[in-house]
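Visitor: I have just arrived and would love a tour. Could you show me what we are looking at?

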Amino acid sequence: EHTIYLKDYAPSPYRIVSVDLDFRIGEEATRVRAQLTVEPRPETAPGTPLVLDGEELSLSSIAIDGAPLMLSAYAAGPQGLTIVEPPLRRFVLETEVSLQPEGNTKLMGLYRSNGVWCTQCEPEGFRRITYYLDRPDALATFKVTMTAPLALAPVLLANGNLVAKGDAGDGRHFAVWEDPFPKPAYLFALVAGDLGSITDSFTTASGRKVDLAIYCEHGKEDQCDWAMDSLKRSMAWDERRFGREYDLDMFNIVAVSDFNFGAMENKGLNIFNDRLVFAKPETATDANYAGIERVIAHEYFHNWTGNRITCRDWFQLCLKEGLTVYRDQEFSSDERSRAVQRIHDVQNLRSAQFPEDGGPLAHAPRPDQYREINNFYTTTVYEKGAEIVRMLATLLGEADFRKGMDLYFERHDGEATTIEAFLTVFADATGVDLEQFKTWYLQAGTPQVTVKDAYDAASQTYTLTISQKTEPTPGQPTKSPLVIPIKFGLIGPNGSPMGWNAVTGGSVRDDMIVLDQESVTLTFSGVANKPVPSLFRGFSAPVQVHSDLTQEDNLFLARHDSDPFNRWEALQDVSTALMVDAARGKAWGNAAIEALRSALAETLANDSLDDAFKAQALTIPDESLIARAIGSDVDPERVHAVRSELIRAVFAPIASTLEAAYHGLTSTVPYAPDTAQSGRRSLRNRLLSLLVQSSDGGAALAAKQYGEATNMTDRLAALAVIGAQWTPEAPALLADFRTRFAGDPLVFDKWLTVSASAHDDGVIERMRAILADPSFPRNNPNRLRSLVGTFVMGNPVQFTRADGAGFRFVTEFVTDVDTRNPQVAARVLTGFRIWPLLEPKRREAARSALTALQAAGSLSRNSADILTRMLA
Ligand code: B3K
Ligand code: ZN
């Protein structure tokens with residue numbers, strides 16, 4: 001299998017200066033005429049062939065400067081088109097190809113979703129539209145003419161600004177779009193269809209008026225307002241926080257139903273999975289509203305970090321993705337609660353990225369080789385990439401970080417660049433040497449940080465010994481020390497911050513320790529009492545910390561730490577430690593449970609904490625986190641049992657308190673997705689979930705909430721906890737939910753998600769029946785992922801069943817879907833990454849399902865790549 005290496009990077013010997021595309025969209029086929037203005041680079045030797053990418057295209061004509069090419073002058077194959085001996089001067093290459101968007105189930109290139117023609121080109125989809133240099137360092141200006149039947153496609157959109165439109169005769173019409181900003185082909189987009197829309201406008205800081213529109217299926221216009229509101233807030237935020245203005249006269253968003261992932265930042269024409277656009281209170285949850293806000297922002301922010309400045313090659317993917325995730329996280333923090341946002345982002349990092357980084361698919365945020373680039377749109381590239389940018393901001397401080405960003409925009413605007421160039425702007429703007437810091441981009445694995453402390457009362461000195469180690473990962477047997485910023489504070493016996501006179505032994509700046517060696521011992525002098533250290537405040541580095549803090553220390557931090565993240569973290573650590581002990585067969589004592597219970601009850605009663613924070617504090621770490629803390633030979637059924645038991649032990653005795661608090665949070669005000677209301681609902685629903693899991697009356701209360709709910713957040717929360725527990729109420733409520741919202745595919749997804757989350761032994765059979773139903777939309781990624789994606793990632797008990805039924809269900813699914821949509825299949829397959837952690841019987845069952853899949857052969861490159869790495 002063909003591997004691509006970063007070290008082999010070389011620019012193409014030819015440059016495409018500008019592109020003129022003509023799409024003739026029709027029901028049977030679409031014809032694409034491309035005129036590429038090409039020139040050799042000055043150093044290109046005569047006779048160097050021009051090699052263009054192309055896939056599943058049928059070529060009908062080819063000419064250079066108007067003269068048709070002889071058969072011997074070019075070769076068209078399954079990978080592309082080679083012009084054997086192009087002129088050694090500027091020339092125009094003209095090709096015409098035809099495509100079959102209707103049969104395109106891979107959803108890459110030009111395809112049809114619900115009758116709408118739309119495109120997805122990142123990373124390598126443009127080659128499925130025309131022959132081209134389909135690589136991110138080939139920047140060109142695009143002019144796009146499209147004609148289509150007026151009845152089928154009254155709306156014709158492409159990148160940039162609309163420059164002409166009109167009648168084309170024969171029931172057809174045309175539109176011409178021009179994008180003045182040179183861009184790589186992966187940012188190309190086109191949409192043609194019969195769509196409704198909402199419009200608005202935004203005036204930029206310098207007074208430019210931008211027309212905004214969101215296009216969608218007719219009848220859904222009223223579900224687009226939140227997305228529009230989010231867009232306008234994003235545009236204002238990027239001006240305020242980063243000084244970045246929008247640059248075209250229009251900005252369009254189109255919602256489509258069939259889409260391989262969340263959304264795409266095509267220049268001036270973002271295309272969205274409709275689940276990240278549509279929202280109304282009856283059918284969308286608070287989490288959906290927050291997700292829409294975040295992704296609308298994310299794609300919009302790409303206009304500067306991704307589009308104006310793009311990637312030189314796909315190894316640099318986290319240059320745009322990590323940075324843009326950092327930006328969207330900051331946006332959400334500014335728009336909502338910073339502490340709660342941080343907790344949320346860290347939970348996500350731990351439950352998705354840490355398992356990737358600690359398993360067979362571990363890779364560096366900037367990998368140096370790949371077989372299939374689609375498999376590198378990972379949580380490591382995105383979320384760990386964002387953590388790296390966050391550490392940079394922490395190390396430099398906000399003002400210097402902004403200076404570096406300003407220089408980045410100034411120096412690299414209009415370029416396709418690299419991680420090195422990104423780091424250099426910060427070094428140049430601040431004088432800080434970032435050579436060692438760069439290791440974060442190059443090294444895979446979650447660093448393990450160990451902390452030991454000691455206090456000497458006689459000399460009033462406190463010492464902290466902090467060391468780091470990163471375990472080997474595939475292809476990286478040895479690791480070097482990273483630069484780890486540790487935000488911290490010392491807390492005195494009365495709960496207030498403690499100072500010190502001097503520190504020796506390492507680098508401490510104000511409230512930050514910088515660990516850049518394998519180990520450091522810091523000695524703080526003038527420390528009057530034994531402190532409790534609060535380390536990694538705000539989760540200042542994406543590491544796993546091992547400290548000898550006792551349960552008492554953690555409960556103390558949970559009460560007194562001024563850092564809200566660490567207050568939350570301390571409670572998580574307390575319950576994790578109890579569950580890990582229990583899973584290993586060590587019973588917990590009553591005293592430990594009581595101590596945790598009273599800390600949680602105190603948190604619930606604390607008026608100075610906001611509801612959303614309390615909801616997070618009352619969350620017991622999920623099963624994947626416990627499994628990771630156990631580390632090896634994991635039995636997920638036992639983990640599940642231990643977690644359920646802890647919840648009962650802690651909460652059953654205070655069920656009446658929880659219930660009173662639950663009723664106290666009942667609200668009758670009309671639904672709004674704002675921070676205060678959604679925080680209140682999240683706490684109330686957390687309490688409900690705890691009640692269902694710990695008290696006899698819980699399920700009835702949930703059934704009542706389900707029936708009386710006036711919004712989807714409350715209705716789904718009730719259904720989800722009943723569905724997961726598979727209480728006797730579950731089948732009837734699920735049936736009701738399905739009919740109540742029949743005809744809304746995004747609510748059907750929620751039904752699928754709940755169905756796939758049930759812990760009972762009947763779940764696999766029920767899922768098989770769902771998939772076998774002839775009316776099940778077997779090519780829609782949202783439906784497939786809601787069912788099977790949820791099962792592999794969110795139902796460890798049944799997925800890892802000892803009899804192997806869960807594993808086989810998933811490999812059979814992969815075999816089937818892989819023939820139609822390899823990206824969806826490969827993504828589901830990554831759910832197996834936990835297999836090396838399992839106890840021997842389950843490990844063997846997983847291995848045998850995976851080897852059977854491999855033996856069957858004929859997988860797509862996407863799935864084969866995942867499988868090979870999984871079994872390596
Ligand atoms: N850049 C796209 C992701 C494309 C994924 C291709 N497999 C969306 C985003 O990250 O904003
Ligand atoms: Zn992105």
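Guide: Happily, and let us start with a pair of strands. Seven bridges connect β14 with strand β15 (residues 172-183), and the two run antiparallel. Please keep in mind throughout that this is a predicted model.

Visitor: Which residue of β15 stands opposite L162?

Guide: L162 belongs to the stretch 161-169, which is β14. Strand β14 is joined to β15 in the antiparallel sense. Across from L162, in β15, stands W177.

Visitor: Which strands stand at the edges of the open sheet of eight strands, and why is one side of each left without a neighbour?

Guide: The order in this sheet is β6-β5-β9-β3-β2-β12-β15-β14, and the pairing is mixed. Two of these strands have a single partner strand each, so one side of each has no neighbour in the sheet. Those edge strands are β6 (67-68) and β14 (161-169).

Visitor: What does UniProt place at residues 20-187?

Guide: The span is 0% helix and 54% strand, and its end C-alpha atoms lie 15 Å apart. The UniProt feature there comes from an unreviewed entry. Its name is "domain: Aminopeptidase N-like N-terminal".

Visitor: In the open sheet of five strands, which are the edge strands?

Guide: This sheet has mixed pairing and the order β17-β18-β19-β21-β20. Inside it, β18 (residues 209-216) and β19 (residues 250-256) pair in the parallel sense over five bridges, with A213 opposite N252. The strands that pair on one side only are β17 (196-203) and β20.

Visitor: Which elements each supply at least two residues of the shell around ligand 1?

Guide: The residues surrounding ligand 1 include E122, P123, A263, M264, H298, E299 and N374. By class, the shell has five nonpolar, three polar and four charged residues. At least two residues each come from β20 (263-264) and α2 (286-301).

Visitor: Which residues form the covered face of strand β32?

Guide: In a regular strand, side chains alternate between the two faces of the sheet. On the uncovered face of β32 (residues 519-525) are S519, T521, T523 and S525. The covered face is made of V520, L522 and F524.

Visitor: What stands opposite T523 and S525 of β32?

Guide: Strand β26 (residues 461-469) is joined to β32 by seven bridges and runs antiparallel to it. Strand β29 (residues 502-504) also pairs with β32 in the antiparallel sense, over three bridges. Opposite T523 stands T463, and opposite S525 stands A502.

Visitor: Which residues of helix α19 are buried, and why do they line one face?

Guide: An α-helix has 3.6 residues a turn, so residues three or four places apart point the same way. In α19 (residues 730-740), the buried residues are A730, L733 and F737. Seen down the helix axis, these buried residues fall within an arc of 70 degrees, so they line one face of α19. On the other side, the exposed residues are A732, A735 and T739.

Visitor: What do the buried residues of α19 pack against?

Guide: The buried residues in question are A730, L733 and F737. Their packing partners are α17 (698-708), α18 (712-725) and α20 (745-757).

Visitor: Is R783 buried or exposed?

Guide: R783 sits in helix α22 (residues 781-794) and touches D749, L752, F776 and P777, leaving aside residues up to four places away in sequence. A residue counts as buried if 20 or more other C-beta atoms lie within 10 Å of its own. R783 has 20 other C-beta atoms within 10 Å, so R783 is buried.

Visitor: And A872, is that one buried or exposed?

Guide: A872 is found in the segment after α27, and it touches P360 and P474, not counting residues up to four places away in sequence. The cut-off for an exposed residue is 12 or fewer C-beta neighbours. A872 has 9 inside 10 Å, so A872 is exposed.

Visitor: Last stop: what covers the buried residues of helix α27?

Guide: Helix α27 spans residues 861-871, and among its buried residues are A864, I866, L867 and M870. The elements covering the buried residues include α24 (805-818), α25 (822-829) and α26 (840-856).

Definitions and conventions: Residues numbered from 1 in each chain as written. Chains lettered and ligands numbered in written order. Predicted model: local features only at pLDDT ≥ 70, side-chain atom pairs only at ≥ 80, totals over all residues. Helix = DSSP H or I, 4+ residues; strand = E, 2+ residues; numbered from the N terminus. Pairing = 2+ DSSP bridges. Near = placed C-beta within 6 Å. Nonpolar A, V, L, I, M, F, W, Y, C, P; charged D, E, K, R; others polar. UniProt positions renumbered as here; feature names shortened; annotations may be inferred. Contact = placed C-beta atoms within 7 Å. Arc of directions from axis to C-beta.
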